[in-house]
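Visitor: I would like a close look at a single part of this model. Please take the cysteines, then move on to other parts.

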Amino acid sequence: LYAAGQAAERFAVRNSGAHAVIEGCGANGCEYMTGGKVAILGSVGDNFGAGMTGGMAFLYDPANRFADVVNADTVTWARLGSPYWEAILKDMIERHVGHTRSKLGRTILDQWETERGRFWQVVPKEVLDRLEAPLIAEAAE
């Protein structure tokens, strides 16, 4: 799903495998999500990720307010820290722009070196040890 606009409350609730890119959502985003990957290029409402047990979300947060709205009981979040996950996110945004002609997505891509540092990567705590690649790339020795 690629939508050049914002979703209402409860976006991706019980998502079990779909991939989606949207430009913001209301409260309870990714609630009870069990699979798939979601990129949200805008603000999210309260209680984000409540009951999330699978999948992954990427959130663009230039205002740095995500910590105020995430439900920290079941998820962990960190800034992008791996070339592997960065490439997946960038590909999702490129596809989004290709399908929707999103001005916001295009701006993020055009300023990627700066904007990539404004994304959070959100993962359920219980799947951290089962990801196909670590959230944080290990430093070269």
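Visitor: Why is the sulfur of Cys25 not in a bond with the closest cysteine sulfur?

Guide: Keep in mind that this is a predicted model. The reason is distance. The closest cysteine sulfur to that of Cys25 belongs to Cys30, and it lies 6.6 Å away, too far for a bond. A disulfide needs the two sulfur atoms within 2.5 Å. Cys30, for its part, is in no disulfide either. The count for the structure is 0 disulfides. Both residues are shielded. Cys25 has a relative accessibility of 8%, so it counts as buried. Cys30 is buried too, at 0%.

Gly17 is another case. Its relative accessibility is 43%, so Gly17 counts as partly exposed. Gly17 sits in strand S1, which spans residues 16-22. Beyond its neighbours within four places in sequence, Gly17 touches Gly35 and Gly36. Met56 is 39 residues from Gly17 in sequence, yet their C-alpha atoms are 10 Å apart in space.

Now the helices. H1 covers residues 83-100 and H2 covers residues 103-110. Their axes come within 9 Å and cross at roughly 140°. That angle is not over 145 degrees, so the pair counts as oblique and not as roughly antiparallel. The crossing of H1 and H2 is left-handed. On the H1 side, the contact uses Lys90, Ile93, Glu94 and Val97. H2 contributes Gly105, Arg106, Ile108 and Leu109. By type, the residues of this contact are 4 nonpolar, 1 polar and 3 charged.

Notes: Residues numbered from 1 in each chain as written. Predicted model: local features only at pLDDT ≥ 70, side-chain atom pairs only at ≥ 80, totals over all residues. Heavy atoms only, no water. Helix = DSSP H or I, 4+ residues; strand = E, 2+ residues; numbered from the N terminus. Buried < 20%, exposed > 50% of the residue type's maximum accessible area, 1.4 Å probe, protein only. Contact = heavy atoms within 4.5 Å. Axes fitted to C-alpha atoms, helices over the stretch in contact; angles between N-to-C directions. Parallel < 35°, antiparallel > 145°, perpendicular 65-115°, else oblique. Left-handed = near helix turned anticlockwise from the far one by under 90°. Nonpolar A, V, L, I, M, F, W, Y, C, P; charged D, E, K, R; others polar.
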